[in-house]
Amino acid sequence: MNKVCYYSNGGGGENMHKKLFSLILSALMFGQYQVFSYNDVIDIKVNGEYIYTDSEIVIENGVSLAPIRWVSNALGAKSVNWYPGYKTAGIDMGNKNIFIDINNDIAYINSIPHTFNADSRIINDRTYIPVRLVSELLGAKVHWDSYYKNIEINEFSITPKRLMA
């Protein structure tokens, strides 16, 4: 049997309830602002210029995942294709062809397998890939700026493209 004890300070119980209500309301409001904080937005920069996507960057277990088309196009891909029968995404870079199987941690560059630190996956009908994977396979360097929450991709030979939705 559960017992509930009420403590009274001589009729001040109402005041305690108001304080408790205010405390809970403040906690809820503070939590709401933290969820929508500007600092929670993760941006990608290629050679110092931001690229804009129509989907958010996701971090899972310390690995940044981004929509394959946006990252690949920003790094100069000629085309990005989806092969539904194989559940595979393909990136044509001209001199390199990259194939990435969904829910797998292996990518094939010109038929040579490369293992990476996370699976590619489908999130909200988008193919998400580890940002470092594609960037480094294409010869770029990747840096995480924890202060500004930016993923910085740098390679002097890669020129970012302006992307239109």
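**Strand β11 and the nonpolar cores**

Trainee: Which residue in β11 is the bridge partner of Leu65?

Mentor: The model is a predicted one. Strand β4, residues 63-67, is joined to β11 by three bridges, and the two run antiparallel. Within β11, Leu65 has as its bridge partner Pro130.

Trainee: Which residue in the turn of the β10 and β11 hairpin has a positive phi?

Mentor: Strand β10, residues 121-123, also pairs with β11 in the antiparallel sense, over three bridges. One of the bridge partners is Arg126 in β11, matched with Ile123. Two residues lie between the strands of this hairpin, and the one in the turn with a positive phi, about 50°, is Asn124.

Trainee: Is Thr127 buried or exposed?

Mentor: Thr127 is in strand β11, residues 126-130, where four of the five residues are buried. Beyond four places in sequence, Thr127 touches Ala66, Pro67, Ile68, Trp82, Ala89, Ile102, Arg121 and Ile122. Its relative accessible area is 15%. Buried means under 20%, so Thr127 is buried.

Trainee: Which element supplies the largest share of the largest nonpolar core?

Mentor: That core has 30 residues, and Ile44, Ile91, Ile100, Val134, Ile151 and Ile153 touch the most other members. Elements that each supply at least two residues include β1 (43-46), β13 (150-154) and α3 (131-137). The largest share, four residues, comes from α3.

Trainee: How many residues are in the second, separate core?

Mentor: Among its members are Val63, Leu65, Ala118 and Tyr128. This core is separate from the largest one, and its residues number five.

Notes:
Residues numbered from 1 in each chain as written. Predicted model: local features only at pLDDT ≥ 70, side-chain atom pairs only at ≥ 80, totals over all residues. Heavy atoms only, no water. Core = buried A, V, L, I, M, F, W, Y, C linked by side-chain atoms within 4.5 Å. Buried < 20%, exposed > 50% of the residue type's maximum accessible area, 1.4 Å probe, protein only. Contact = heavy atoms within 4.5 Å. Pairing = 2+ DSSP bridges.
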